Amino acid sequence: MREPPCDAAAVRQRLARERATALARAESPLHRLDELGDASTWTGADDEDDPETATLAYERAQAQGLLVDARHELEALDRALAQVEQGAYGVCERCGEPIAVERLDALPATTTCISCASSRR
């Protein structure tokens, strides 16, 4: 396994910024789910003919999807930070080669080099 191409302090700062952004993204669907919960108490949730029921269900599913995505991103960023602490950040988990700095700049929580990511398809 080769040495990862990174400055640990800079990577920690970058991951912290990315994590703060992901947390902010998670807040919006959480608030929306609360709003939808309040709205559903004022509508007849059992009324199949009420057009609002379908709209609320769609919006709820959309907000839940956004929340799941944000949580997955947070988990990936936490794993990346753990890799920094272990000295393994920037090393492909499949082939053990360094991940290109440009790829890490674009996807700071990535765990594979471009070659391994492309070959998975």
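## Secondary structure and overall measures

The protein chain of this predicted model contains 4 helices and 0 strands, where helices (H or I, at least four residues) and strands (E, at least two) are DSSP runs numbered from the N terminus. Read from that terminus, the order of elements is α-α-α-α.

Of the 121 residues in the chain, 27% count as buried, a term that stands for under 20% relative accessible area, with exposed meaning over 50% and partly exposed lying in between (1.4 Å probe, protein chains only). The chain exposes about 8000 Å², of which carbon and sulfur atoms supply 52%; accessible areas come from the Shrake-Rupley method with a 1.4 Å probe, and for residues only the protein chains shown count as cover. Among contacts (heavy atoms within 4.5 Å) between residues at least 6 apart in sequence, 59% join residues at least 24 apart.

## Nonpolar cores

The largest nonpolar core, meaning a set of buried Ala, Val, Leu, Ile, Met, Phe, Trp, Tyr and Cys residues joined through side-chain atoms within 4.5 Å, has 13 residues, and those touching the most other members are Val 11, Leu 15, Val 84, Tyr 89, Cys 92, Ile 99 and Cys 113. Helix 1 (8-42) and helix 2 (51-86) are the elements that give two or more residues to this core, with helix 2 providing the largest share, 4 residues.

When residues up to four places away in sequence are not counted, Cys 92 touches Glu 97, Ile 99, Thr 111, Thr 112, Cys 113 and Cys 116. A second, separate core of 5 residues includes Ala 26, Leu 33, Ala 63 and Leu 67.

## Thr 110 and Leu 66

Thr 110 lies in the loop between helix 3 (101-106) and helix 4 (114-119), and it counts as buried because its relative accessibility is 12%. Its side chain forms a polar contact of 3.2 Å with the side chain of Arg 103, a polar contact being a pair of N or O atoms within 3.5 Å in which, within protein, one must be able to donate a hydrogen and the other to accept it, while residues adjacent in sequence count only if both atoms are side-chain atoms. A polar atom of the Thr 110 side chain also lies 3.4 Å from the backbone oxygen of Thr 112. Leaving aside neighbours within four places in sequence, Thr 110 is in contact with Ile 99, Arg 103 and Leu 104.

Leu 66, found in helix 2, counts as partly exposed because its relative accessibility is 49%. Its C-alpha atom is separated by 8.2 Å from that of Arg 25, although the two residues are 41 residues apart along the chain.

## Basis of the values

Local features need pLDDT of at least 70 and side-chain atom pairs count only at pLDDT 80 or more, whereas totals for chains, interfaces and linings use all residues. Residues are numbered from 1 along each chain as its sequence is written, and side-chain values use heavy atoms, with hydrogens and water left out.
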